[in-house]
Amino acid sequence: ITDCSITDEFRNKIKKCLDRGVDIIIAWGYKKSRSISFTKQHFNNAEKAIRELQEWTSLNNTKGTLETFYFPNHSKILICDTKYAIMGSFNWLSNSGGSENEERSYIIYNKEFIKNEIVEIMKNLYDPSKPMTRRQLLKNFLPFSRY
């Protein structure tokens with residue numbers, strides 16, 4: 001994620017979804033790239049914006065929940081329940097749409113595939129052998145907050 005895509009418009013859309021009762025999981029992170037054109041500040045600003053969204057969600061007692069995971073990977077996957085999954089090369093949370101690169105993504109409607117994909121993704125996100133961030137650890141022990 002970078003601050004190029006975690007804009008006010010993005011945050012407002014997330015807030016509206018959470019108010020409607022949509023549960024959102026954002027797993028983000030990237031190990032390294034030799035050709036990366038963003039500064040560390042771009043990533044820090046975006047991470048701060050995501051944390052602020054989590055705090056807003058908790059303070060406003062939204063119907064939906066927002067969970068975030070620092071999960072260094074290169075996947076670009078968007079899943080809506082078991083209705084559809086979009087998988088492809090476009091970096092939704094780090095590209096504001098100005099890229100000149102060719103991007104390809106596919107929409108998958110096969111419910112069985114989507115269910116299996118959700119299980120695999122969630123196993124990776126909640127894998128006890130992977131270190132948790134401080135925030136993820138505290139979520140397990142703070143009964144006064146969902147986050």
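**A walk around helix H3 and beyond**

Start by selecting helix H3 together with five strands: the helix's buried residues pack against S1 (24-28), S2 (66-70), S3 (77-80), S4 (84-88) and S5 (105-108). Keep in mind as you go that this is a predicted model.

Now show side chains for Ile114, Glu117 and Leu125, the buried residues in H3. Turn the view to look down the helix axis: the buried residues fall within an arc of 70°, so they line one face of H3.

Next, check the helix length. H3 covers residues 111-125, and at 1.5 Å a residue its 15 residues should span 21 Å; the end C-alpha atoms are 21 Å apart, in agreement. At the start of H3, pick Asn110, where a side-chain oxygen comes to within 3.0 Å of the backbone nitrogen of Glu112.

Staying on H3, select Lys123 and Glu120, a salt bridge with its closest N and O atoms 3.0 Å apart. The two are 3 residues apart, about one turn of the helix, and Glu120 is partly exposed at 41% relative accessibility.

The structure has 6 salt bridges, so let's visit two others. In helix H1 (residues 8-20), Arg11 pairs with Asp8 at 2.3 Å between the closest N and O atoms; Asp8 is exposed, at 52%. In helix H2 (residues 40-59), Glu52 pairs with Lys48 at 3.4 Å. Both are partly exposed, Glu52 at 38% and Lys48 at 44%.

Last stop: the cysteines. Select Cys17 and Cys80, whose sulfurs are 9.6 Å apart, too far for a bond. Cys80 is partly exposed, at 23%, and the structure holds 0 disulfides.

Key: Residues are numbered from 1 along each chain as its sequence is written. This is a predicted model: local features need pLDDT of at least 70, side-chain atom pairs count only at pLDDT 80 or more; totals for chains, interfaces and linings use all residues. Side-chain values use heavy atoms; hydrogens and water are left out. Helices (H or I, at least four residues) and strands (E, at least two) are DSSP runs, numbered from the N terminus. The expected span of a helix is 1.5 Å times one less than its number of residues. Buried means under 20% relative accessible area, exposed over 50%, partly exposed in between (1.4 Å probe, protein chains only). The arc is that of the directions from the helix axis to the C-beta atoms. Contact means heavy atoms within 4.5 Å. A polar contact is a pair of N or O atoms within 3.5 Å; within protein, one must be able to donate a hydrogen and the other to accept it, and residues adjacent in sequence count only if both atoms are side-chain atoms. A disulfide is a pair of cysteine sulfur atoms within 2.5 Å. A salt bridge is a side-chain nitrogen of Lys or Arg within 4 Å of a carboxyl oxygen of Asp or Glu.
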